[in-house]
Amino acid sequence: MKTIFQAKEFIKSNYGKRVIIKVFGIRNKIELVEGIISECYSHVFIVRTKFCNKSFTYTDVLVGNIRVNVK
């Protein structure tokens, strides 16, 4: 993705779908989050998991801090 608008459109087009998000953390730690995109706001989107809600920014998608895979 080249622009923030493309990142937003990608997330909004997959609203309500099950996704697996790979979060690249510090010291090469990788966290996997599996859930459903439940809410989309102007700067963030919410993924509902079994146990909690996680929020991510569209900028994270754009710069590669997270990768979103649609199931």
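Is Cys40 buried, partly exposed or exposed at 24% relative accessibility? Cys40 counts as partly exposed, because its 24% lies between the 20% limit for buried and the 50% limit for exposed. The legends below describe close-up views of a predicted model.

**View A. The two cysteines, Cys40 and Cys52, are unpaired in the predicted model.** A search of the whole structure returns 0 disulfides. Cys40 takes part in none, and the nearest cysteine sulfur to it, that of Cys52, is 17 Å away. Cys52 is likewise in no disulfide, with the sulfur of Cys40 as its nearest cysteine sulfur at 17 Å. A disulfide needs sulfur atoms within 2.5 Å, so this pair does not qualify. Cys52 has a relative accessibility of 36% and therefore counts as partly exposed.

**View B. The largest nonpolar core contains 14 residues.** Ile21, Phe45, Val47, Phe56, Ile66 and Val68 have the most contacts inside this core. Two or more residues come from each of helix H1 (4–13), strand E1 (18–24), strand E2 (30–40), strand E3 (44–48), helix H2 (58–63) and strand E5 (66–70). Strand E1 gives the most, with 3 residues.

**View C. Ile21 and the residues it touches.** Residues up to four places away in sequence are not counted here. Ile21 touches Glu31, Leu32 and Val33, and also Phe45 and Val47. Its other contacts are Phe56, Ile66, Arg67 and Val68. Ile21 is itself one of the core residues with the most contacts inside the core, as are Phe45, Val47, Phe56, Ile66 and Val68.

**View D. Asn69 in strand E5.** Asn69 counts as partly exposed because its relative accessibility is 45%. Apart from neighbours within four places in sequence, Asn69 is in contact with Arg18, Val19 and Ile20. Ile26 is 43 residues from Asn69 in sequence, and the two C-alpha atoms are 21 Å apart.

**View E. Arg27 and Asn28 in the loop between E1 and E2.** Arg27 is not a glycine, yet it has a positive phi of about 55 degrees. Asn28, also not a glycine, has a positive phi of about 60 degrees. Arg27 counts as exposed because its relative accessibility is 77%. Asn28 is exposed too, with a relative accessible area of 75%.

Key:
Residues are numbered from 1 along each chain as its sequence is written. This is a predicted model: local features need pLDDT of at least 70, side-chain atom pairs count only at pLDDT 80 or more; totals for chains, interfaces and linings use all residues. Side-chain values use heavy atoms; hydrogens and water are left out. A nonpolar core is a set of buried Ala, Val, Leu, Ile, Met, Phe, Trp, Tyr and Cys residues joined through side-chain atoms within 4.5 Å. Buried means under 20% relative accessible area, exposed over 50%, partly exposed in between (1.4 Å probe, protein chains only). Helices (H or I, at least four residues) and strands (E, at least two) are DSSP runs, numbered from the N terminus. Contact means heavy atoms within 4.5 Å.
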